[in-house]
Amino acid sequence: MISTEIVKIDPQNPQAQQVQRAAAVLKNGGLVIFPTETVYGIGANTLNPAALKRLYEIKNRPLDKPFSIHIGKIEQLEGQVSEIPAVAWRLMDKFWPGPLTLILKAKNGSTVGLRFPDNQIAVSLINQAGVPVAAASANISGNPAPIDFQDAIKYFQGKVELAIDAGKTKLGLESTIVDLTAHPPRLVRESAINKEDIQQVLNKKVVLFVCTGNSCRSVMAKYYLEKKLRDLGRRDIEVLSRGVMAIEGLGATQEAKQVLSEQGSDASGHFSRRISADIIRRSDLVLVMEKLHEEEVVRIAPDAKNKVFLLKEFVQMHNGELNIYDPIGKPIDVYREVFAVIKEAIERIGKIL
């Protein structure tokens, strides 16, 4: 038995000094009971083998059942995982911070469950500890997960160094778990987030077209693919366009709008936007007009290299020339020629999406 220090913290206005105290205990190898928005958990420093061993022992948990890792900011993912698929970024955009655990490929070749809790105490604790935090619900394996501090401490009084009393948790349900290493992704546990909301994100794909200024080529590609998808009755694909040198907020060129109008599409509402790492990461397929665009996309988001393609690769007779050149400043007939190439590529892409 050890002496368990109990610290009461206001969940709406966490006292910095108290959180710092708990973070120091955690960093130095102690076990800490802390609240999340779902249930109470016990945290351990994953870099401390003795702390992890104790967490397994007091939880009575099989050694082949790993703990999830809790993070306090998205940047902390990089040290834990080897690959983050586009659908993971979209799930994080929608549900993090929040009651969702994602299983991803770990750097050591296995898998790891990751969660970003929506709780000020938990996030502050993790960030101030400055170490990867393994966490498990504060209950003996097989028993209900505790949603109130009194239910958490009754299991582990004298077994952890510090326990944070923040009253009752906000949601009182465990996190939903999605395994993104499975193909297709698998809902492991439906809980705080329901199956329908998860499935809505899992079922959607994102296609991103990239050109230079996001005023003509990528615009024509985006609007034509959207029309094609509408004609097919497809609502499961989101189509985006960006430019590597775009000036934010400019409209499409008059020629691009005219060519699209001839196809039954209205691009009058388009405004140019510059490409970013975030938009690349959440896209399943990135289609660029020139080799220099491909190079810039990979420079911004190196982990995206396997999903970036030159659009002209999908044209049957490209004779080795894979750049679709910029028609900006050229007559409308040049725009029509460029659009014809884009259209052929998209006709083929539409059959495989």
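Helices (H or I, at least four residues) and strands (E, at least two) are DSSP runs, numbered from the N terminus. The model on display is predicted: local features need pLDDT of at least 70 and side-chain atom pairs count only at pLDDT 80 or more, while totals for chains, interfaces and linings use all residues. Residues are numbered from 1 along each chain as its sequence is written, and side-chain values use heavy atoms, with hydrogens and water left out.

**Stop 1: Ile147**

Select Ile147, in the loop between β8 (133-137) and α5 (149-156). Its relative accessibility is 26%, so Ile147 counts as partly exposed; buried means under 20% relative accessible area, exposed over 50%, and partly exposed in between (1.4 Å probe, protein chains only). Next, add Pro35: the C-alpha atoms of Ile147 and Pro35 are 8.5 Å apart, although the two positions lie 112 residues apart along the chain. Then display the contacts of Ile147, where contact means heavy atoms within 4.5 Å. Leaving aside neighbours within four places in sequence, Ile147 touches Thr38, Val39, Tyr40, Gly167, Lys168, Thr169 and Gly172.

**Stop 2: strand β9**

Move to β9, residues 162-165. Which residues cover each side of this strand? Leu162 and Ile164 lie on one side and Ala163 and Asp165 on the other, and all are buried. In a regular strand the side chains alternate between the two faces of the sheet.

Now add the partners of β9. Two strands pair if DSSP finds at least two bridges between them. Strand β1 (residues 5-8) runs parallel to β9 and is joined to it by four bridges; in this pairing Lys8 has Asp165 as its bridge partner. Strand β2 (residues 32-35) also pairs with β9 in the parallel sense, over two bridges, and Ile33 is bridged to Ala163.

**Stop 3: the four-stranded sheet**

Select β12, β13, β14 and β15, which form an open sheet in the order β13-β12-β14-β15 with parallel pairing. The edge positions belong to β13 (237-243) and β15 (308-310); each has a single partner strand, so one side of each is left without a neighbour in the sheet. Neighbouring strands here are turned by 25 degrees against each other on average, direction ignored. Axes are lines fitted to C-alpha atoms, for helices over the stretch in contact, and angles run from 0 to 180 degrees between N-to-C directions.

Within this sheet, focus on β12 (residues 205-211), which pairs with β13 in the parallel sense over seven bridges. Cys211 is a convenient residue to pick here, and its bridge partner in β13 is Gly243. Then show helix α7 (residues 217-231), which lies across β12 and β13 and runs at about 170 degrees to β13.

**Stop 4: two helices against α11**

Keep α7 and add helix α11 (residues 332-352); the two pack at an angle of about 45 degrees, with their axes 10 Å apart. That makes α7 oblique to α11, since angles under 35 degrees count as roughly parallel, over 145 as roughly antiparallel, 65 to 115 as roughly perpendicular and the rest as oblique. The crossing is right-handed; a crossing is left-handed if the near helix is turned anticlockwise from the far one by less than a right angle, and right-handed if clockwise. To view the contact, select Arg217, Met220, Ala221, Tyr224, Leu225 and Lys228 of α7 with Tyr335, Val338, Phe339, Ile342, Lys343, Ile346 and Glu347 of α11.

Next, bring in α8 (residues 254-262), which packs against α11 at about 55 degrees with the axes 9 Å apart. α8 is therefore oblique to α11, and this crossing is right-handed. On the α8 side the contact consists of Glu255, Ala256, Gln258, Val259, Leu260 and Glu262, and on the α11 side of Ile332, Tyr335, Arg336 and Phe339.

**Stop 5: backbone details**

Most residues other than glycine have a negative phi, and most peptide bonds are trans. Select Asn60, in the loop between α2 (49-59) and β4 (68-70); its phi is positive, about 55 degrees, although Asn60 is not a glycine. Asn214, in the loop between β12 and α7, also has a positive phi, near 55 degrees. Is each of these residues buried or exposed? Asn60 is exposed at 56% relative accessibility, whereas Asn214 is buried at 0%.

Finish at the cis peptide bonds. One joins Trp96 and Pro97, with omega about -10 degrees; Pro97 lies in the loop between α3 (86-95) and β6 (100-106). Another joins His183 and Pro184, with omega about 0 degrees; Pro184 sits in the loop between β10 (176-179) and β11 (186-189).
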